[in-house]
Amino acid sequence: MNYPLFLARRLSLASGGRKTSPAVRVAVTAVALSVGVMIAAIAIVLGFKREIRDKVIGFNSHITLYAVPQEESEDNLITLTPTLREILDAQDFITDFSLEASIPAILKTSDNFKGVYLKSIQGATSENFIKENIRKGKFPDFSKKENRMKTVISEIAARQLGLDVGDRIETYFIAGDVRVRKLEVAAIYNSHFDSYDDIFIYGDLDLIQNLGQISEKQGTSIVINTDDFDRVEEYTQTLQNTFNTALAEGTLYKFYRVDNAMRRGAGYFGWLDMLDTNVIVILTLMTFVACVTLISGMLIIILDKKRFIGLIRSMGATERKVRKVFVYMAIRVALTGLLIGNALMLAFLYCQARWHFIPLDPDAYYIDFMPVEFNIPAILILNVATIAIIYLCLILPSWFAAKISPAETMRYE
């Protein structure tokens, strides 16, 4: 029979006639608070990473392919030739790709103007991203001819030019010569990425190709999505090597440059890496607080249970068995704190994920609410690691309990 476990389960945590010792309540609270803060730190940082990554991908896609001019007279347009399509289709990691085009433009009102790029939206990933960030109006279906002269502009451009949904604005396009079109504002978006919002408006690919006097198979880039963004650097290098080999073998006659969202959004991802450091500091401090408080609480309980220790030692309990009793008691307290901390924090984070009641300053954080992401494996690992660290830290108070002799306890009686 494992009597140390039996005694630890039956032994009261009360002290001085109270239902529960104040030291135990403090220890449970400290563990619950520490675990809750650690779960929140992980969930919030993962939420930030997801939101920022999705925004960078929304503007850039996973991988972008460009044609590199070899001569000054050569343009930088890329043509989706059958050979190029065949190479892209042969890559197992590519889920979809499409031609993209952009053209510099000037939006002009009666008293103001703004320089932007009119950019096409091809592929479900980019389209869904813009739709999620629409603040006014409705995203037009550019596959329909009646929407060809419609555009989606940013909230920054709308505010600077005094535009609203339904307004028509003269737009000057610069592609060799200057062309003027009146575009209707179909929707206004705001991604809180001012560096992108300030320069991009969106429109029909056919319109951009017509204004740039290029064919339907030409654009300024090819946007590519992969099956795993975490391996985008590996995929980028693989694709670049493939194009270099095809060029050397004479399959291709043009040099192509492969870029990805990680490189183009390096500043944003660098900021996220700094958050990782903050999380490590928080996890370390909270674990330290939980362990110190739990150790202090258990030492108080041990002093309160000296008579019990003397009794079981006089009945033949070894030091090892006494240590086990108090280690089990401490784990009992720690598990109570863990359960309370997990339940309260997960409920809080669920409410935040559903209703976004905690706002953020988008100018500082690129998002207007505190994002959270539930990563069950990470939460389980955090709990298991916390229990393991607490267990190791309990060696000191359990050793102290085991050293109390029956004769010493009798002197206190």
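1. A convenient place to enter this predicted model is the pairing of two strands, where D96 stands opposite N225 in β12. The strands β3 and β12 pair in the antiparallel sense, and six bridges hold that pairing on record in the model. Strand β3 is mostly covered, with five of its seven residues buried.

2. The wider setting of that pair is an open sheet of four strands, which has the order β3-β12-β1-β13 and antiparallel pairing. At the edges stand β3 (94-100) and β13 (255-260), each of which has a single partner strand, so one side of each is left without a neighbour in the sheet. Neighbouring strands of this sheet are turned against each other by 25° on average, with direction ignored.

3. At the other end of the strand order, β1 (residues 63-68) and β13 run antiparallel and are joined by six bridges. Within this pairing, T64 stands opposite D259 in β13. Helix α3 (residues 82-89) packs on the sheet and touches β1, β3, β12 (221-226) and β13, while its direction makes about 150° with that of β3.

4. A further set of strands deserves a separate look. Strand β4 (residues 102-108) runs antiparallel to β5 and is joined to β5 by seven bridges, and the two strands form a hairpin with four residues between them. As a reference point for anyone tracing the pairing in the viewer, I103 stands opposite L118 in β5.

5. Strand β5 also pairs with β10 (residues 200-203), and here the two strands run parallel, joined by four bridges. In this pairing K119 stands opposite Y202 in β10. Both K119 and Y202 appear again in the lining of the largest cavity, which is taken up in the next point.

6. On enclosed space, a search of the whole structure finds two cavities of 30 Å³ or more. The largest cavity has a volume of about 60 Å³, and the residues that line it are G58, F59, N60, S61, E100, K119, S120, I121, S126, Y202 and V223. Helix α2 and strand β5 (113-120) each supply at least two residues of this lining, and α2 gives the most, with three residues. Sorted by class, the lining of the largest cavity has four nonpolar, five polar and two charged residues.

7. The second largest cavity holds about 40 Å³ of space. Its lining consists of S61, D96, F97, S98, Q122, G123, T125, S126, V223, I224 and N225, and the elements that give two or more residues to it are β3, α4 and β12. By class, this lining has three nonpolar, seven polar and one charged residues. The reader may note that D96 and N225, the facing residues of the first point, are both among the residues lining this second cavity. S61, S126 and V223 are listed for the lining of the largest cavity, and S61, S126 and V223 are also listed for the second largest.

8. Turning to open space, the largest pocket has a volume of about 330 Å³. Of the 17 residues that line this pocket, E51, D54, F129, E132 and N133 are the closest to its centre. Helices α2 (22-60) and α4 (124-132) each supply at least two residues of the lining of the largest pocket, and the largest share, five residues, comes from α2. By class, the lining of this pocket has four nonpolar, seven polar and six charged residues.

9. Helix α2 therefore merits attention in any reading of the open and enclosed spaces together: α2 supplies the largest share of the lining of the largest pocket, and α2 also gives the most to the lining of the largest cavity. Helix α4, for its part, contributes at least two residues to the pocket lining and two or more to the lining of the second largest cavity.

10. As for the chain as a whole, there are 16 helices and 13 strands in the protein chain. Of its 413 residues, 46% count as buried. Among the contacts in the protein chain with a separation of 6 or more, 77% are accounted for by residues 24 or more positions apart.

How values were computed: Residues numbered from 1 in each chain as written. Predicted model: local features only at pLDDT ≥ 70, side-chain atom pairs only at ≥ 80, totals over all residues. Heavy atoms only, no water. 1 Å grid on protein atoms, 1.4 Å probe; cavity = no way out; pocket = protein on both sides within 12 Å on 5 of 7 lines; lining within 4 Å. Points joined across faces, edges and corners; volume = space filled by probe spheres on them. Nonpolar A, V, L, I, M, F, W, Y, C, P; charged D, E, K, R; others polar. Pairing = 2+ DSSP bridges. Axes fitted to C-alpha atoms, helices over the stretch in contact; angles between N-to-C directions. Contact = heavy atoms within 4.5 Å. Buried < 20%, exposed > 50% of the residue type's maximum accessible area, 1.4 Å probe, protein only.
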